[in-house]
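Trainee: I would like to go through this model slowly, asking at each step how a label is justified.
Mentor: Then let us look at it together and set each value against its cut-off.

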Amino acid sequence: MQQKILVLHGPNLNLLGTRQPEIYGDETLQDVNHALHERALLAGWELVYRQSNHEGELIDAIHTARDDGTGAIIINPAAYTHTSIAILDALNAFDGKVIEVHISNVHQREAFRHHSYVSLRADGVIAGLGTQGYHAALEAIMRAAN
Ligand code: DQA
């Protein structure tokens, strides 16, 4: 596997830290990306981050990962988790490992959050660990490559 991982954050995650902190915590997206970057750097991995509020931009980022030798994708598709067949199709065209992360425990929340299109493709799904879920995903990818 290539030593490069795409961390892809979906809509509204740019508001992390201020958006419903009782559900999503008070860490910002920058805090999360920075901590992941530090950990990956120590282990000699390259991380690339993207956040978009637009479905097509998330799909374009997955296509880029497909073409530039990215070995794995950590994705929190946010609300697109529950609606986007197009993101599922893009991930199906990507050959590397895919880990789906949700900060909150989506299964404890409204029924419409219980279904994930992305889970049909994801190699692993993490929900409810707060932002630590991203770290669990990163560790899993790095360990699987060793
Ligand atoms: C989320 C859960 C989704 O249902 C929601 O739409 C989000 C964030 C999470 O990280 O817990 O925006 O993916």
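Trainee: With the side chain of which residue does the side chain of Arg 113 make a polar contact?
Mentor: Keeping in mind that this is a predicted model, the partner is the side chain of Glu 110, at 2.7 Å. A polar contact requires a pair of N or O atoms within 3.5 Å, and the computed 2.7 Å meets that limit.

Trainee: Why is Arg 113 called buried?
Mentor: Its relative accessible area is 17%, and buried means under 20%, so Arg 113 earns the label. Arg 113 lies in the loop between strand 4 (97–102) and strand 5 (124–127), and, leaving aside neighbours within four places in sequence, Arg 113 is in contact with His 82 and Val 106.

Trainee: What makes Asp 89 partly exposed?
Mentor: Partly exposed covers the range between the cut-offs of 20% and 50%, and because Asp 89 has 45% relative accessibility, it falls in that range. Asp 89 is placed in helix 4 (residues 85–92).

Trainee: Which residues does UniProt list under "binding site"?
Mentor: The unreviewed UniProt entry places that feature at Asn 76, His 82, Asp 89, Ile 103, Ser 104 and Arg 113. Their farthest two C-alpha atoms are 24.3 Å apart and they span 38 residues in sequence, so they do not all gather at one spot.

Trainee: Which residues does the annotation "active site" cover, and how do you know that they cluster in space?
Mentor: According to the unreviewed UniProt entry, the annotation covers Tyr 24 and His 102. Although these are spread over 79 residues of sequence, the largest C-alpha distance is 9.5 Å, and on that basis they are said to cluster.

Trainee: Are Tyr 24 and His 102 buried or exposed?
Mentor: Tyr 24, in helix 1 (residues 21–24), has 9% relative accessibility and therefore counts as buried. His 102, in strand 4, has 6% and therefore counts as buried too, since the label needs a value under 20%. The side chain of His 102 also makes a polar contact with the side chain of Glu 100, at 2.7 Å.

Trainee: Why does His 82 count as buried?
Mentor: The relative accessibility of His 82 is 14%, and the cut-off is under 20%, so His 82 belongs with the buried residues. His 82 is found in the loop between strand 3 (72–76) and helix 4, where its side chain reaches the backbone oxygen of His 115 at 3.0 Å.

Trainee: Which polar side-chain atoms lie 2.9 Å, 2.7 Å and 2.8 Å from an oxygen atom of the ligand?
Mentor: For Arg 19 the distance is 2.9 Å, for His 82 it is 2.7 Å, and for His 102 it is 2.8 Å. On its own the ligand has 320 Å² of accessible area, and the protein covers 99% of that.

Trainee: How do the residues of the shell around the ligand divide by character?
Mentor: There are five nonpolar, four polar and two charged residues in that shell. Among the residues around the ligand are Arg 19, Tyr 24, Asn 76, His 82, His 102 and Arg 113. Arg counts as charged, and so Arg 19 and Arg 113, which both belong to the shell, fall in the charged group.

Technical notes. Residues are numbered from 1 along each chain as its sequence is written. This is a predicted model: local features need pLDDT of at least 70, side-chain atom pairs count only at pLDDT 80 or more; totals for chains, interfaces and linings use all residues. Side-chain values use heavy atoms; hydrogens and water are left out. UniProt positions are given in the numbering used here, feature names are shortened, and annotations may be inferred rather than shown by experiment. Helices (H or I, at least four residues) and strands (E, at least two) are DSSP runs, numbered from the N terminus. Buried means under 20% relative accessible area, exposed over 50%, partly exposed in between (1.4 Å probe, protein chains only). Contact means heavy atoms within 4.5 Å. A polar contact is a pair of N or O atoms within 3.5 Å; within protein, one must be able to donate a hydrogen and the other to accept it, and residues adjacent in sequence count only if both atoms are side-chain atoms. A residue is near a molecule or strand if one of its heavy atoms lies within 4 Å of it. Accessible areas come from the Shrake-Rupley method with a 1.4 Å probe; for residues, only the protein chains shown count as cover.
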